[in-house]
Amino acid sequence: MSEYAKRNLALFLPGKNRRRVVTIGLVAVLLGGAGTFAYQKWASSQSPASVMRVETVKRGNVTETVFASGTVQASKRVSLSASSGNAVIKSIRVNVGDRVKAGQVLAELDDSEARLQVKNAEANLLSAKAHLAEVTKPKTAAEINALQAKVNQAKAALDAAQSGYDAKKADYDVEKAKANLENAQRTYNTQSALYTQGIISKSEYEQAKSSLDQAQLEYNSAVLARSQTQAKAKSELEQARATYETAVADLQEAKAGPDSSAVQSAQAAVAQAEAQWQQQVKNLQDTTIKAPMDGVIVQINGNVGESPSNPFIIMDNSDAGNLEVLAHVSESDIGKVKAGLSASFTTSSYADQTFAGKVKLVYPEATTDSGVTTYQVLLSVDNKDGLLKTGMTVNASIVVGTHENVLYVPAAALKTQNGKDGVYLASAKGEAGAAQTGGAAAGRNAARFRFQPVTIGYFSSDRVEITSGLQEGDQVVLTFENTAASGSSSRSNGMGGFPGFGGMGGPGGGPGGGFGGGMRGNR
């Protein structure tokens with residue numbers, strides 16, 4: 001059996017009749033040629049088991065569809081969370097199931113902490129802006145004159161430090177103390193010699209010795225003072241030079257205008273403070289939960305006085321005039337489905353209603369469940385009357401396309417023989433399509449029919465496009481089970497074989513022929 005028949009056989013076979021066809025096929029294979037004779041003998045004494053009808057190959061339109069099942073869902077779904085720290089719920093203004101408008105207040109959180117944070121951020125921003133204004137403000141003439149005066153003062157101090165007056169005085173004091181020391185030394189030497197010779201008294205000797213010690217002490221003090229004066233003079237010189245250089249730099253900067261690096265730093269501080277302020281303002285705004293779109297409230301997670309869960313409120317647009325269907329299309333059909341194709345939907349909830357829609361998206365990744373591979377397809381569906389609800393299961397018929405003014409035959413005429421698609425042709429064109437009935441009669445007229453392989457194009461539940469193998473006006477044979485004869489109240493659409501011919505083979509049950517292939521279903 002070809003892929004066409006495998007996929008659509010169930011559309012035309014009620015459960016009871018499927019078992020009948022299988023049974024007849026097995027019997028035909030087992031009995032072979034002998035079955036033909038036995039069947040004819042049996043049929044001559046029974047009511048007709050099948051009905052044959054001849055139809056003309058015509059031109060017309062053939063529309064192919066892909067069938068799938070899916071679930072209705074909202075096209076938009078929003079989860080609203082509370083991002084204001086540990087703020088508790090102050091009020092909830094909606095209930096589950098309420099319809100709301102975009103911008104409508106849904107709930108409020110305690111905003112006392114958020115307001116305090118906004119004030120702090122505002123103060124930081126004002127401070128940063130003031131500093132920026134300070135560093136970008138140009139100096140006035142009076143300020144520049146004051147800076148010039150500081151430069152002059154610093155220059156005078158530097159010149160004084162460079163003159164080395166104190167150091168020179170310290171050098172003079174050292175030289176003076178040295179001279180006094182040398183003079184005292186000579187006096188002592190003279191007095192010591194005279195004292196040894198007994199020329200002067202001891203008191204005179206001791207006086208010379210005391211004067212020498214005093215001169216030595218004064219010299220040592222002068223040397224120490226000079227060292228200290230030199231260190232101080234060096235420090236004062238360095239400080240005077242630094243003060244002068246700073247004063248000059250300040251004057252030059254004032255004359256040149258605002259410092260670019262200082263301005264950039266101040267600008268960065270303002271930007272950071274402004275970002276923090278904006279974040280605090282947003283946090284304050286977030287304490288009021290508003291609807292971002294028109295829709296329906298589907299969940300509320302929290303109560304007044306409690307911290308809200310995340311997500312806090314969930315809403316969707318399930319009340320909109322357009323919803324979506326997420327359908328699963330078989331692997332063999334997915335290549336035919338493209339975005340923009342029209343579709344129709346039915347559901348057991350409204351047996352007499354059909355809903356229109358279109359293919360929005362074909363997901364590229366496959367899903368496999370219990371060995372069956374399918375692809376998800378997202379479709380829009382018109383719900384202007386509000387009948388469809390999210391979660392409903394629907395059957396989708398996706399229109400692949402329509403071929404206009406093409407040759408077609410009834411779907412019941414298409415058969416499968418040796419794995420090939422084909423029809424049974426009446427040997428004479430234009431022969432009346434009168435019904436042929438009865439097993440024995442069909443066996444006697446079997447020579448009128450032959451199997452004709454065909455190539456098919458689009459197909460629907462009731463007709464099949466023929467692209468080659470037939471011509472307009474050709475006569476094809478349809479077979480139907482006579483359910484009145486078989487005792488069933490339902491009719492099987494084209495599944496009866498020709499009496500006298502093997503269900504799966506040629507005349508008499510031989511391989512490769514016969515009318516018993518059954519109805520050829522959709523691919």
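In which loop is Pro-311 found? Select the loop between E8 and E9, where Pro-311 is found; helices (H or I, at least four residues) and strands (E, at least two) are DSSP runs, numbered from the N terminus. The tour starts from that proline and then proceeds through sheets, helices and a hairpin.

The model is predicted, so that local features need pLDDT of at least 70 and side-chain atom pairs count only at pLDDT 80 or more, while totals for chains, interfaces and linings use all residues. Residues are numbered from 1 along each chain as its sequence is written, and side-chain values use heavy atoms, with hydrogens and water left out.

**Stop 1: the loop and its sheet**

Display the backbone from Asn-310 to Pro-311: the peptide bond between them is cis, with omega near 0°. As a general matter, most peptide bonds are trans, and most residues other than glycine have a negative phi.

Next, select the strands on either side of this loop. Strand E8 (residues 295–300) pairs with strand E9 (residues 313–316) in the antiparallel sense over four bridges; two strands pair if DSSP finds at least two bridges between them. Ile-300 has Ile-313 in E9 as its bridge partner.

Extend the selection to the open sheet of four strands, whose order is E3-E9-E8-E5 with antiparallel pairing. Its edges are strand E3 (77–80) and strand E5 (99–100), each of which pairs on one side only.

**Stop 2: a three-stranded sheet**

Select E4, E6 and E7, which in that order form an open sheet of three strands with antiparallel pairing. Strand E4 (89–92) and strand E7 (288–290) are the edge strands, each pairing on one side only. Direction ignored, neighbouring strands of this sheet are turned by 20° against each other on average; axes are lines fitted to C-alpha atoms, for helices over the stretch in contact, and angles run from 0 to 180 degrees between N-to-C directions.

Strand E6 (residues 105–109) and E7 are joined in the antiparallel sense over three bridges. For a single pair to display, take Glu-108, which stands opposite Thr-288 in E7.

**Stop 3: helices H5, H6 and H7**

Select helix H6 (residues 165–196) together with helix H7 (residues 202–256): their axes come within 8 Å and cross at roughly 160°. That angle makes H6 roughly antiparallel to H7, a term that applies over 145 degrees, whereas angles under 35 count as roughly parallel, 65 to 115 as roughly perpendicular and the rest as oblique. The crossing of H6 and H7 is left-handed, meaning that the near helix is turned anticlockwise from the far one by less than a right angle. The residues of the contact of H6 with H7 comprise 15 nonpolar, nine polar and nine charged. Here Ala, Val, Leu, Ile, Met, Phe, Trp, Tyr, Cys and Pro count as nonpolar, Asp, Glu, Lys and Arg as charged, and the others, Gly among them, as polar.

Keep H7 and replace H6 with H5. H5 and H7 pack at an angle of about 160°, their axes 8 Å apart, which makes H5 roughly antiparallel to H7. The crossing of H5 and H7 is also left-handed. By class, the contact of H5 with H7 has 14 nonpolar, three polar and six charged residues.

Centre the view on Ile-144, which lies in helix H5 (residues 141–163). Which residues does Ile-144 touch, not counting residues up to four places away in sequence? They are Lys-139, Leu-251, Ala-254 and Lys-255, where contact means heavy atoms within 4.5 Å. The C-alpha atoms of Ile-144 and Asp-250 are separated by 9.1 Å, although these residues are 106 residues apart along the chain.

**Stop 4: strands E10 to E14**

Select strand E13 (residues 372–382) with strand E10 (residues 322–330): the two run antiparallel and nine bridges join them. Glu-324 has Ser-380 in E13 as its bridge partner.

Add strand E12 (residues 350–369), which pairs with E13 in the antiparallel sense over nine bridges. Here Leu-361 has Leu-378 in E13 as its bridge partner. E12 and E13 form a hairpin with two residues between them, and Ser-370 in the turn has a positive phi of about 55°.

Move to Asn-405 in strand E14 (residues 393–410). Asn-405 is not a glycine, yet has a positive phi of about 55°.

**Stop 5: confidence**

Finally, colour the chain by pLDDT, the predictor's confidence in each residue, from 0 to 100. The chain averages 80, and 78% of the residues score at least 70. Confidence is lowest in helix H2 (residues 15–31), at a mean of 36, and highest in strand E11 (residues 342–347), at 96. Select residues 485–523, over which pLDDT stays under 50; the model has 138 contacts beyond four places in sequence for them.
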